[in-house]
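Below are some comments on the model you sent, set out point by point. Please read them with the structure open beside you.

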Amino acid sequence: MEQKKIEQAYIQELYVQEDDLLKSVTTGLVENGLPLISIPPEVGKAIYLLAKISGAKRALEIGLLGGYSTIWLARGMGTGGEVVSLELKEEHVDFARQNLSRAGLLDQVSILVGDALVILDQLIGNKERFDFMVIDADKINYPLYIEKVLQLADPGAILCCDNLFFNGRIFNEKDARNPAPAAVRKVNEILSSHPRLEAILFPIGDGLGVARVKA
Ligand SMILES: C[S@@+](CC[C@H](N)C(=O)[O-])C[C@H]1O[C@@H](n2cnc3c(N)ncnc32)[C@H](O)[C@@H]1O
């Protein structure tokens with residue numbers, strides 16, 4: 001086994017306690033013919049901990065799928081926390097609602113269905129505020145998502161962006177010129193140099209970017 005896989009298995013076995021409900025989201029994705037592209041368990045645990053440590057009260061998630069990451073996030077925030085999750089596909093929303101219901105989290109999670117770019121503009125128009133943000137959707141729009149979520153962020157808010165290695169595609173100079181990997185490279189440049197952000201890229205899962213929003 002290559003080193004990275006050994007490390008991942010070690011972290012998952014020792015540090016991540018995935019309960020039956022979280023496991024059932026993954027089996028349910030398979031049974032329903034939905035894509036198996038949830039965050040991995042160790043990224044879920046990291047988001048859970050970041051939400052808990054930061055005391056987040058109102059989170060925004062872009063990319064719900066089956067609600068796997070949403071469950072980790074909402075559990076990290078505790079019963080006083082609220083999550084607003086954006087999702088384009090109705091069939092993903094239907095499946096996620098079942099999982100969130102079984103997790104007893106439907107009261108804490110609001111799902112907004114449609115194109116995240118459009119919904120984010122509505123949230124900005126409504127002057128909504130969030131103290132925790134997770135971006136895990138179509139990679140090509142990540143740079144725009146960051147620009148928009150920064151308009152919704154409280155000072156001190158935490159921003160998590162998943163897949164910032166993009167399965168290693170950002171390191172292949174030829175491939176990295178294609179739109180999706182180019183967008184992910186741009187995200188790494190934005191996170192590492194934006195005047196309103198202090199950030200790091202954690203090499204867990206497929207690369208988890210974590211930033212703190214300055215005033
Ligand atoms: C990687 S999956 C999210 C996985 C989820 N965060 C988890 O770990 O359980 C990406 C999701 O983003 C959704 N998506 C893609 N483009 C979108 C868009 N423009 N607006 C809203 N959601 C979108 C997809 O339908 C998919 O469900």
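1. This is a predicted model, and in it a polar side-chain atom of S69 lies 2.8 Å from a nitrogen atom of the ligand. The backbone also takes part, since a backbone N or O atom of G63 is placed 2.8 Å from a nitrogen atom of the ligand, and a backbone N or O atom of L88 is found 3.1 Å from a nitrogen atom of the ligand.

2. On burial, the ligand taken alone exposes 600 Å², and the protein buries 92% of that area. As for where the ligand sits, the space that it takes is the largest pocket.

3. The surroundings of the ligand comprise 19 residues, of which I39, G63, S69, E87 and H92 come nearest. Two of these names, G63 and S69, have already appeared above, G63 through a backbone atom and S69 through its side chain. By character, the shell around the ligand divides into 9 nonpolar, 5 polar and 5 charged residues.

4. Turning to the cysteines, the count of disulfides comes to 0, where a pair of cysteine sulfur atoms would have to lie within 2.5 Å to qualify. For C160 the nearest cysteine sulfur is that of C161, at 7.6 Å, and C160 is in no disulfide. The converse holds for C161, which is likewise in no disulfide and has the sulfur of C160 as its nearest cysteine sulfur, 7.6 Å away.

5. Are these two cysteines buried or exposed? C160 counts as buried because its relative accessibility is 0%, and C161 is also buried, with a relative accessible area of 0%.

Methods. Residues are numbered from 1 along each chain as its sequence is written. This is a predicted model: local features need pLDDT of at least 70, side-chain atom pairs count only at pLDDT 80 or more; totals for chains, interfaces and linings use all residues. Side-chain values use heavy atoms; hydrogens and water are left out. A residue is near a molecule or strand if one of its heavy atoms lies within 4 Å of it. A polar contact is a pair of N or O atoms within 3.5 Å; within protein, one must be able to donate a hydrogen and the other to accept it, and residues adjacent in sequence count only if both atoms are side-chain atoms. Accessible areas come from the Shrake-Rupley method with a 1.4 Å probe; for residues, only the protein chains shown count as cover. On a 1 Å grid over the protein atoms alone, a cavity is a set of points where a 1.4 Å probe fits but cannot get out, and a pocket is an open set with protein on both sides within 12 Å along at least five of seven lines; lining residues have an atom within 4 Å of a point. A molecule sits in a cavity or pocket if more than half of its atoms lie within 2 Å of its grid points. Ala, Val, Leu, Ile, Met, Phe, Trp, Tyr, Cys and Pro count as nonpolar, Asp, Glu, Lys and Arg as charged, and the others, Gly among them, as polar. Buried means under 20% relative accessible area, exposed over 50%, partly exposed in between (1.4 Å probe, protein chains only).
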